Amino acid sequence: MKQYTGEVLSHRKHGEEYHSLTVVAPDIAASARPGQFVNLRPPADRYYILRRPFSICRVNRGSGWAATIEVIFDIRGPGTAALAAMRAHDPIDVIGPIGQGFAIPKNRQACLLIGGGVGATPLFFLGEELRAAGKRVDVLCGASRASRLVNTLELKRLGAMTEFTTDDGSVGYHGLVTDLLPNMIERCGSEVLYACGPRPMLQAVTAIAIKYRLPVQVALEEQMACGIGICLSCVAPIYNQKGTGVMHVRTCLEGPVFNGARVAWDRYGTDLDEADGPPGN
């Protein structure tokens with residue numbers, strides 16, 4: 001993990017609701033893995049106490065100015081609005097790469113990537129790494145409406161099979177990704193699942209993975225204040241290795257990627273002293 005001043009290479013608009021920043025960050029680009037994130041400080045024309053965490057969407061590992069990272073985000077407040085106003089050559093304070101990323105399977109070849117809304121952004125980086133490793137990649141992404149899907153054209157290019165769902169039926173299947181997931185698993189011969197998105201979706205994906213006896217890695221989206229393991233605002237209930245109890249784990253450093261079967265989904269916000277073992281996976 002490094003902190004330094006990078007430089008915005010480009011700002012692009014993705015559809016109606018999303019922005020992307022490509023930042024020259026050679027040290028981060030060299031060591032980043034899919035699922036890790038960066039902490040960006042909004043421009044210094046206003047005083048922001050906290051940085052904003054963003055999953056790394058893509059990495060270009062070229063040398064010098066060609067070594068970049070890209071993040072995609074929507075505007076949720078003054079901080080992200082300030083980031084969305086940045087332009088090429090603006091300096092930007094960045095910390096990264098942070099956290100634990102996705103593991104690339106050694107023996108399993110068919111990988112199904114499941115995303116929800118803007119939470120799908122790590123799947124681009126992950127999919128490229130999986131394909132580079134010779135794996136089959138299939139994609140299933142959902143959102144509330146068409147404008148909340150992130151870059152559908154590139155997701156179609158990424159997956160051998162790509163399906164979309166929307167809550168309002170404006171694109172793809174009218175419903176949830178979990179409605180299509182069992183069929184996708186069977187049609188694609190999926191051997192491992194990766195999921196990024198809202199917690200209810202991740203919990204439902206994990207339940208289906210357990211039913212099919214498939215390993216599932218999930219990237220949790222928790223509220224991160226510091227993003228570097230100090231404030232403990234992002235702890236999640238995770239079963240210990242032996243499955244004998246649940247402990248609070250920092251999502252920013254020990255995550256954000258976890259084995260979905262080790263997440264104690266029903267223990268969020270509860271006393272952890274009476275934990276049961278995890279479900280089988």
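**Two sheets and their packed helices**

Helix α5 lies across β8, β9, β10 (162-166), β11 and β12 (192-196), and runs at about 170° to β9; contact here means heavy atoms within 4.5 Å, angles run from 0 to 180 degrees between N-to-C directions, and axes are lines fitted to C-alpha atoms, for helices over the stretch in contact. The model is predicted, with local features requiring pLDDT of at least 70 and side-chain atom pairs counted only at pLDDT 80 or more, whereas totals for chains, interfaces and linings use all residues. Residues are numbered from 1 along each chain as its sequence is written, and side-chain values use heavy atoms, with hydrogens and water left out. Helices (H or I, at least four residues) and strands (E, at least two) are DSSP runs numbered from the N terminus.

The strands crossed by α5 belong to an open sheet of seven strands, ordered β11-β10-β9-β8-β12-β13-β16, in which the pairing is mixed; two strands pair if DSSP finds at least two bridges between them. At its edges stand β11 and β16 (257-259), each of which pairs on one side only. Strands β8 (residues 110-116) and β9 (residues 136-143) pair in the parallel sense over seven bridges, and Ile114 stands opposite Leu140 in β9. Helix α6 lies across β8, β12 and β13 (216-219), running at about 170° to β12.

Helices α5 (residues 177-188) and α6 (residues 199-211) also pack on each other, at an angle of about 30° and with their axes 10 Å apart. They are therefore roughly parallel to each other, a description applied to angles under 35 degrees, while those over 145 count as roughly antiparallel, 65 to 115 as roughly perpendicular and the rest as oblique. The contact is made by Val177, Thr178, Leu181, Pro182 and Ile185 of α5 together with Met201, Ala204, Val205 and Ile208 of α6. By class, this contact has eight nonpolar residues, one polar residue and no charged residues, where Ala, Val, Leu, Ile, Met, Phe, Trp, Tyr, Cys and Pro count as nonpolar, Asp, Glu, Lys and Arg as charged, and the others, Gly among them, as polar.

Another open sheet of seven strands has the order β4-β3-β7-β1-β2-β6-β5, with antiparallel pairing. Because β4 (52-55) and β5 (58-61) stand at the edges, each with a single partner strand, one side of each is left without a neighbour in the sheet. Within this sheet, β2 (residues 18-24) and β6 (residues 67-74) pair in the antiparallel sense over seven bridges, and Tyr18 has Asp74 of β6 as its bridge partner.
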